[in-house]
Amino acid sequence: MDYEVPLYRFFLIAIVLSFALSGASSDFNRMHVKLEYDKNSNTVYVKSPESKLLLSGRPFETRVDCIEGPLTCILRFSSVLEVSEASGECGKISLRPVKPGVIVGICLDLSKGLWYGGSELQYQRWPFKNITLPWQPYVTNDIVPLNQSVGNVIERHWLSSNGVGVFIPATSPLYFKHMTGESGSFSEMCFIAASMRHMTGFMKTVAPDLVLNVCKMVNILETHRHMSKEYFDLPIGQPDALMFKSPIWSTWAKFKVDINQGKVLQFADEIGKHGFSHSQLEIDDMFSSFYGEFDFSPHKFPDAKNMIRELKMKGFRVTVWVTPFANVESLAF
Ligand SMILES: *[C@@H]1O[C@H](CO)[C@@H](O)[C@H](O)[C@H]1NC(C)=O
Ligand SMILES: *[C@@H]1O[C@H](CO)[C@@H](O)[C@H](O)[C@H]1NC(C)=O
């Protein structure tokens, strides 16, 4: 199933690459990213301390009324663009629209280095190659019917084999486009700071800033470590270790949506009878009457409380599968 490639693979790639690169400079933490904006060519350059070009960007403007179409009215950039190299390893590119109705954006040319990160995709290709994702809000989406959409595992974080990382904070609501060639030669990712909420309301007000935090360390692993510390919160706990050691059984594999109390209890018995170990039993799709409801359907599960008690007595942790959306005919809607 193409669409189920989890994001952790991306971190594995980072680790593998770091082994390949270990033995390089020991001066890990004293890299200084260089950011320059050339007004004449309207280009932002991200360079290494030795002035090697690592990434470049082309800022632009568009209008609020253009964004819902194919976004053809890309205008020459005349807003405010500032670059700063505040913290040594990391710098900041800030684009600030100054006129109401104007939205700022930037297209990054990713052709230097191999790039990873972003979101889960139906056709997942790391490093980025052969990707066509037209303009869309950079928010979680369903990649099964929409194969040119970002998926439901998503970060505003990208990393390159040349040690450059980009992180866009949540304060910039994002529209996004990503195009790459099959051979990897052409690779471009574009961002616009706007959301539906902003678009409907801000014809008369000034649009949000677009901020890109850009870091450069000696290799992709160091960049990832540094940016994780800088921009992400660490987990505060860890899951039950049993879940790593023994299978999580899901009713979906055997029953799909056709489940009820008798079937769940019988399933648990069968797992035991066959001598399989277990950590958890996930009561999956359609335990409720409609999607979006968290209560068991009284019709399918007349005594859910006792069922759960019985499953726990058999040693199962018990979970249910819930959806972040609701059927329009449900009470939850
Ligand atoms: C490029 O991607 C499309 C689907 O997005 C796929 O059909 C095609 O085979 C891919 N080409 C290569 C060379 O991988
Ligand atoms: C992507 O989805 C569209 C519409 O559902 C479909 O027509 C097309 O064949 C799909 N492309 C690939 C490469 O799966």
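Hi everyone, let me begin in the interior: Cys-107 and Cys-190 are both buried. Before I go on, please keep in mind that this is a predicted model. These two cysteines are joined by a disulfide, with 2.1 Å from S to S. The link between Cys-107 and Cys-190 is right-handed, with 105° about the S-S bond. It connects distant parts of the chain, since Cys-107 sits in strand E6, residues 102-109, and Cys-190 sits in strand E12, residues 187-193, which puts the pair 83 residues apart.

How many disulfides does a search of the whole structure find? The count is two. The other pair on my list is Cys-90 with Cys-215, where the sulfur atoms are 2.0 Å apart. Why is this disulfide called right-handed? The torsion about the S-S bond of Cys-90 and Cys-215 is about 105°, so it earns that label. Cys-90 belongs to strand E5, which runs over residues 90-96, and Cys-215 belongs to strand E13, residues 210-216, so this bond ties together parts 125 residues apart in sequence. Cys-90 and Cys-215 are buried too. As a reminder for the newer people here, a disulfide is a covalent bond between the sulfur atoms of two cysteines.

Let me stay on strand E5 for a moment, as Ser-94 is also placed there. Is Ser-94 buried or exposed? Its relative accessible area is 12%, and the cut-off for buried is under 20%, so Ser-94 counts as buried. Which residues does Ser-94 touch, once we leave aside its neighbours within four places in sequence? The contacts are Val-80, Leu-81 and Glu-82, together with Leu-210 and Val-211. You may recognise the numbers of that last pair, as strand E13 covers residues 210-216.

Now to the ligands, and I will take ligand 1 to start. Around it we find Tyr-123, Arg-125, Asn-130 and Glu-182. By class, that shell holds one nonpolar, one polar and two charged residues. Asn-130 places a polar side-chain atom 2.5 Å from an oxygen atom of ligand 1. For Arg-125, a polar side-chain atom lies 3.4 Å from an oxygen atom of the ligand. Glu-182 faces a nitrogen atom instead: that atom of ligand 1 is 3.4 Å from an N or O atom in the Glu-182 side chain. On its own, ligand 1 has 360 Å² of accessible area, and the protein covers 41% of it.

What surrounds ligand 2? Here the residues are Tyr-123, Pro-145 and Asn-147. So Tyr-123 appears in the surroundings of ligand 1 and in those of ligand 2. An N or O atom in the Tyr-123 side chain is 2.6 Å from an oxygen atom of ligand 2. In the case of Asn-147, the side chain has an N or O atom 2.4 Å from an oxygen atom of that ligand. Ligand 2 taken alone exposes 360 Å², of which the protein buries 28%.

Let me finish with the whole chain. Its secondary structure comes to seven helices and 16 strands. Of the 333 residues, 45% are buried. If we take contacts between residues at least 6 apart in sequence, 65% of them join residues at least 24 apart. The chain exposes about 17600 Å², and carbon and sulfur atoms supply 56% of that area. Thanks for listening, and I am happy to go back to any of these residues on the screen.

Terms used:
Residues numbered from 1 in each chain as written. Chains lettered and ligands numbered in written order. Predicted model: local features only at pLDDT ≥ 70, side-chain atom pairs only at ≥ 80, totals over all residues. Heavy atoms only, no water. Near = heavy atom within 4 Å. Polar contact = N/O pair within 3.5 Å; in protein donor to acceptor, adjacent residues only side chain to side chain. Areas by Shrake-Rupley, 256 points an atom, 1.4 Å probe, with all protein chains shown as cover. Nonpolar A, V, L, I, M, F, W, Y, C, P; charged D, E, K, R; others polar. Disulfide = S-S within 2.5 Å. Helix = DSSP H or I, 4+ residues; strand = E, 2+ residues; numbered from the N terminus. Buried < 20%, exposed > 50% of the residue type's maximum accessible area, 1.4 Å probe, protein only. Contact = heavy atoms within 4.5 Å.
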